[in-house]
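Student: I would like a close look at one part of this protein. Please take the open sheet and walk me through how its strands are arranged.

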Amino acid sequence: MSAPPPVTIVGAGPAGLAAARAAASAGARVRLIDAEPSPGGQYLRGDALAGPHGGAAGQGAHVPDGAEHISDTEVWALEPLPGGGARLHLRSGPADGSGGARTADAPVLVLATGAHDRVLPFPGWDLPGVVTAGAAQALAKSQRTAIGRTAVVAGTGPFLLPVTRSLIGAGARVAAVLEANAPVSGWLRCAGGAAAGFGKFGELVGHTAVLARRRVPYRTRTAVIAAHGDGVLEAVTTVRLDPGWRPLPGTERTIAADALCLGFGFTPRLELAVAAGCATTGGFVRVDAAQATSAPGVFAAGEPTGIGGAALAAAEGEVAGTAAARACGHPVVAPLGALRRVRAGRRFAAALAAAHPLRPGWTRWPRDDTPVCRCEEVTLSDLHAAARSASGGRAFRLASRAGLGLCQGRVCGRNTAELIGLTDDDAQRFDRRPIAVPVRLGDLADGT
Amino acid sequence: MSEHLTVTVDGERATAVPGQTVAALLIGLGRRSWRTTRGDGRPRGVFCGIGVCFDCLVVVNGEPDVRACRRRVADGDAIRVQHGAETPS
């Protein structure tokens, strides 16, 4: 009898690490593949400057003993295997360097690929100095670097608060925090939010206390609708919003800032799941109670199955890791605690999503000459022209070139779909990326 | 931190520390943009900061299209701005 296959996990954030621990404790061999040098992902990101060789793992980012941690490695393509699972095309080594390509077969696979910030377009959003909230957070937490001296933090959702705290910790002054929806504290008091008992309340109170101590203005129903500067950000225009996020005329204000940190929730990183053949619903990977996707041998955990934060991701990871170990032939005990935490976490996530939706008025923020696709420099009027001339999502993309650049629509895909009013099927085309990460031609030749 | 890495940025000598990303090094040197776009030649720097957007591309040791937010500085690296679409040198 051959040895059971390993559990292969892509992504070493809260979900992937929890999956690794659960699978290892069930007796499975574990391979944990991650793009970063140290485990933790975005949420548990450690200080990369702390060690002599560059980097400490984040607090709580514990890789279980015996697990093979394959760091500095990106999965640049994935093909389903006939018997289940997938063949992974990997590249290891310095980011975007040459060499280090190989393949690995993963008959039992857990995808824990996380999410990235969503940012909405408006005039000037492509100026240097305008960054995602996640960029400011990563630079502060891992690189001890403040993205600017004076920052404005804007968008929607509780993530704006820890980012503000990190910016202050890295030495920046935060001129204002602008929440486009109602106050963040509102939903925490409602039954669906705080009563979910998800350990978030204390964390958020801690963040708001720092804001209060530093007298950082926190404005609700307010957004940045223009960024100004000669080649680099110098100031932003803020505006009050109506409940549907339409700007209220006459409420504009200018704030001098050299950094603008934007976060309008998160976009799941779906390309590997889509390549594996996992069915999606509403822009997320569909999973059953065991975190199994529709693709045989492929499990998913964390943000790709629904935006819910680190605690939910870890609970889903524990379930996925346990189920993956079982799929490898190991006897397991039903992870009842984790299953309970998944249910509570999803209630919390639903309350969060209800309190911080993107309201349709944002589609009035970009002007005709505002680039919507940053890579290919496709403006709003280019999009409208392409939409008039092309029928169907594929023809539209080819005509407009939106989403055909290096980021492959990761930044603009959902924005473009909403601005043009694409159908769900056409919008999902933006998540199809057969080459998940650009690779050099030499590596394509070597690594296939 | 006793160990330092010596690199060049657009031909000028600079020092970095182990674990530092190219983006953090450049921001620390006061740079906010280090690439121009292929189409309109517009300036770009860090945007997503986590390897997703490909806005922060630089040329490292003659190799273009290196994400500054993900690449860790190595001793002796020659880092320079990227103008539009470049081919390896």
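Tutor: What follows is a walk through the sheet, then a helix beside it, then two further sites. The model is predicted.

Start with the strand order. Five strands of chain A form an open sheet, ordered β9-β16-β10-β11-β12. The pairing is parallel. At the edges stand β9 (130-132) and β12 (218-220) of chain A. Each has a single partner strand, so one side of each is left without a neighbour in the sheet. From one strand to the next, the twist averages 20 degrees.

Now the β12 edge. Strand β11 (residues 173-179) of chain A runs parallel to β12(A), and three bridges join them. One bridge partner can be named: Glu179(A) is matched with Thr220(A) in β12(A).

At the other edge, a helix comes in. Helix α2 (residues 133-143) of chain A packs on the sheet and touches β9 and β16 (259-264) of chain A. The direction of α2 makes about 80 degrees with that of β9(A).

Next, a loop residue. Thr305(A) lies in the loop between β20 (298-300) and α7 (310-327) of chain A. Thr305(A) is buried, with a relative accessible area of 15%. Its side chain makes a polar contact with the side chain of Glu316(A), at 2.8 Å. Residues that Thr305(A) touches include Phe284(A), Val285(A) and Arg346(A).

Last, the cysteines. The structure holds zero disulfides over all chains. The sulfur of Cys407(A) is the nearest cysteine sulfur to that of Cys375(A), 3.8 Å away. A disulfide needs the sulfur atoms within 2.5 Å, so Cys375(A) is in no disulfide. Cys375(A) counts as buried at 16% relative accessibility, and Cys407(A) counts as buried at 3%.

Conventions
Residues are numbered from 1 along each chain as its sequence is written. Chains are lettered from A and ligands numbered from 1 in the order in which they are written. This is a predicted model: local features need pLDDT of at least 70, side-chain atom pairs count only at pLDDT 80 or more; totals for chains, interfaces and linings use all residues. Side-chain values use heavy atoms; hydrogens and water are left out. Buried means under 20% relative accessible area, exposed over 50%, partly exposed in between (1.4 Å probe, protein chains only). Helices (H or I, at least four residues) and strands (E, at least two) are DSSP runs, numbered from the N terminus. A polar contact is a pair of N or O atoms within 3.5 Å; within protein, one must be able to donate a hydrogen and the other to accept it, and residues adjacent in sequence count only if both atoms are side-chain atoms. Contact means heavy atoms within 4.5 Å. Two strands pair if DSSP finds at least two bridges between them. Axes are lines fitted to C-alpha atoms, for helices over the stretch in contact, and angles run from 0 to 180 degrees between N-to-C directions. Lists of a residue's contacts leave out its neighbours within four places in sequence.
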